[in-house]
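Visitor: I am new to this structure and should be grateful for a close look at one part of it, chain C. Please also place that part beside its neighbours.

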Amino acid sequence: MADATPRPTLAEAIRKFANGREVQTGLLELDVPPLVENGNAVGVTVQIGPGIGVGLHVRRIGLFNEKNPLAEIALFHFGMPVPSPKVATRVRLATTQDVTAVAELSDGSCWESTVHVIVTLAACIEDLGP
Amino acid sequence: MSGARVLINAPATAVAGEVIEIRTLIAHVMETGHRMGAQGEVIPRNIINRFACRYDGAEVFTADLFPAIAANPFIAFTVVATRSGTLAFEWTDDQGTIETAAHSLIVT
Amino acid sequence: MSGRLAALAALCFAAQTSGAEPAKLSGLAFVSQQTRALQADDTGNPGMLWVLEGEQLWSARTGTAAKACADCHGAAPQSMRGVAARYPAFDASERRLLNLEARIDQCRTLRQGAPAFTPESRELLALASFVAHQSRGLPIAPPRDPRLAPFLASGARLFRQRRGQLDLSCHDCHDQRAGQKLAGNLIPQAHPTGYPLYRLEWQAVGSLQRRLRGCMTGVRARAFDYGSPELIDLELFLMSRAAPLPMETPAVRP
């Protein structure tokens, strides 16, 4: 059942999102708690800073992880220009790992931010289901 | 048919040009496809894989979701209020089930 | 040291040595700030999805009697206010203790003419969440009913009874070691203020009985069955022990 091919690395997933463009650090604020008490519902907020450049807007934001079975978490597409756009969701993290957000602007430039998240596990593992 | 279990938090009114935040929550197990049942069988994947928001018919925000999105998905995002109209939300899962919700926005 | 300060110091010392109990704290005090924020936001708290479904079930006609909860009970915010805060309760007709879920099932079978819900089914949890939510903010107030005495005593005994391969009682962790770490989480005092609650580990809403069974599995004991007298006695004891903490349904816990 398990895939024979290992999952892409975090770096490979970012490269694929950026379509070969260079990915710069900055512009993004990735808000994830550095230590979470349960990996089942980790709040993630991505906000693009105000210093985005005149006439530019955000087209896509991608969320990626380092050690889950799949590299992608979500891909968000903005169909209208929004000043300082924000997106938030809750994610599952299988273990302690890096989480990266990448934003693609309307000029094709890409910006990323990474947070290392420590995931603690529940003390007692229940049987499956109630 | 709109499922019972959706919560939308968005302002009822806004000023033209204002950036508003829309918060959505929908009940869905988001079965990852990696879990195993009591007999060791793989529980098949079934997640909401797409979310879309239309503002007066135009798609202003969409999300492609993967199994790493937590159960009972919460998605919040910002849009610019341009004119009065309906925000229509749509969630599609792997089995093709579509849930919808709508929110009326008055822009002055 | 001034006389007043010395008297105050003596008082503090006396409170410690007399074995005065620590403050009674909701489980909220032992969870992360993110979890607290999640519970506080009614449009982000996943438990509210169950409350929402319960609200719809409340008005749905069902069973051979084609009756909805609303037909007898009217508007829930008025009729159900304070109810969950004083459950479990003694039911004279059945001569036994009923928790909220059992009371809902009783109405369903006897008065609506519909089959009882399966334990932990989505609809039962939704209705229980909706009803308990009407008591949010109200202090837990077990009824002063002398008929409850034997059940309360049984629950107190079960709370202190060591069990399982790990040979631990509820008291060992939740009285003696509340505030200490168990793997990545802090051990709470085990006051059931927010049930049915959304547990991050379950990724769903579940009942207090589900949580108790989970703990029993955790100490490698055979868990009591759903609806067993042991579990309902424990529920009664825990609610009595938790009074007067306010209800929080739907709570969020890790």
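Guide: The account below begins with chain C as a whole, then takes up its sheet and helices, and ends with the contacts between chains.

The model is predicted: local features need pLDDT of at least 70, side-chain atom pairs count only at pLDDT 80 or more, and totals for chains, interfaces and linings use all residues. Residues are numbered from 1 along each chain as its sequence is written, while chains are lettered from A and ligands numbered from 1 in the order in which they are written.

Chain C holds eleven helices and seven strands; helices (H or I, at least four residues) and strands (E, at least two) are DSSP runs, numbered from the N terminus. Along the principal axes, its C-alpha atoms fill a box of roughly 75 × 40 × 35 Å. The radius of gyration of chain C is 20 Å, which agrees with the value near 18 Å for a compact globule of 254 residues; this radius is taken over C-alpha atoms, and the globule rule is 2.2 Å times the number of residues to the power 0.38. Of the 254 residues in chain C, 39% are buried, a residue being buried if 20 or more other C-beta atoms lie within 10 Å of its own, exposed if 12 or fewer, and partly exposed in between, with C-beta atoms placed from the backbone.

One feature of chain C is an open sheet of three strands in the order β6-β5-β7, with mixed pairing; two strands pair if DSSP finds at least two bridges between them. Strands β6 (204-206) and β7 (252-253) of chain C stand at the edges, each with a single partner strand, so one side of each is left without a neighbour in the sheet. Strand β5 (residues 197-199) of chain C runs parallel to β7(C), and two bridges join them. Within β7(C), V252(C) is the residue that stands opposite Y198(C).

Strand β6 of chain C also belongs to the cover over the buried residues of α10(C), as does α11 (229-242). In helix α10 (residues 208-218) of chain C, the buried residues include L208(C), R210(C) and L212(C). After α10(C) comes R220(C), with a positive phi near 60°.

Elsewhere in chain C, the axes of helix α3 (residues 47-58) and helix α7 (residues 122-133) come within 7 Å and cross at roughly 95°. Axes are lines fitted to C-alpha atoms, for helices over the stretch in contact, and angles run from 0 to 180 degrees between N-to-C directions. Helix α3(C) is therefore roughly perpendicular to α7(C); angles of 65 to 115 degrees count as roughly perpendicular, under 35 as roughly parallel, over 145 as roughly antiparallel and the rest as oblique. Among the residues making this contact are W50(C) and W58(C) of α3(C), together with L125(C) and F130(C) of α7(C). Two residues are in contact if their C-beta atoms, placed from the backbone, lie within 7 Å.

Turning to the neighbours, nine residues of chain C are in contact with ten residues of chain B. On the side of chain C that touches chain B, four residues are nonpolar, four polar and one charged; Ala, Val, Leu, Ile, Met, Phe, Trp, Tyr, Cys and Pro count as nonpolar, Asp, Glu, Lys and Arg as charged, and the others, Gly among them, as polar. Chain B has zero helices and eight strands. Chain B in turn has 27 residues in contact with 27 residues of chain A.
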